[in-house]
Amino acid sequence: MSCPHIDIINPDLYQKQSPFELFAELRAKDPVHWHEDPETNVGFWAITKREHLDFICRNPLMFSSEARSCVYAEWDDERVKLLSNMLLNMDPPKHIAFRKIITPLFKPGAIDNLRPLMERHTRELLDEVVPRG
């Protein structure tokens, strides 16, 4: 059973709050949901159950992010090759190796050390745009 009325890529769906009820409906009625983008005519599979996601993650040869990227668009081979350098689009073992390198950068202490820099950049950006209204 499909749920064609659920448009999970429509930004309006997320304006006020996260649509938990709609995702619950997908999980119940169509957990492996084919979602067509009416603007691009490019579709993608929306996987909403944990056990399905776990299976996909354990089988990167069958479900590759690197092969065509995990962006719901059709890219030419040159762009796909460029996108494959993003961690999100890497498959194991490359993904695991890169994740080991960057994981320490996202631990609480490391993030806390970045706070002054982020605050400074935020102030600079706001100082630049606030006068524009």
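Start with the whole protein chain coloured by secondary structure: along the sequence the pattern reads α-β-β-α-α-α-α. That comes to five helices and two strands, taken as DSSP runs numbered from the N terminus (helices are H or I with at least four residues, strands E with at least two). This is a predicted model, in which local features need pLDDT of at least 70 and side-chain atom pairs count only at pLDDT 80 or more, while totals for chains, interfaces and linings use all residues. Residues are numbered from 1 along each chain as its sequence is written, and side-chain values use heavy atoms, with hydrogens and water left out.

Next, show the C-alpha trace of the protein chain, which spans about 50 × 40 × 30 Å along its principal axes. The radius of gyration is 19 Å, whereas a compact globule of 133 residues would have one near 14 Å; the value is taken over C-alpha atoms, and the globule rule is 2.2 Å times the number of residues to the power 0.38.

Now colour by burial. Of the 133 residues, 17% are buried (under 20% relative accessible area, with a 1.4 Å probe and protein chains only).

Then select Ile6, Ile8, Leu26, Phe44 and Ala46, the largest nonpolar core. Such a core is a set of buried Ala, Val, Leu, Ile, Met, Phe, Trp, Tyr and Cys residues joined through side-chain atoms within 4.5 Å.

Finally, centre on Ile8. Leaving aside residues up to four places away in sequence, Ile8 touches Leu13, Tyr14, Phe23, Leu26, His35, Phe44 and Ala46, a contact being heavy atoms within 4.5 Å.

Notes: Buried means under 20% relative accessible area, exposed over 50%, partly exposed in between (1.4 Å probe, protein chains only).
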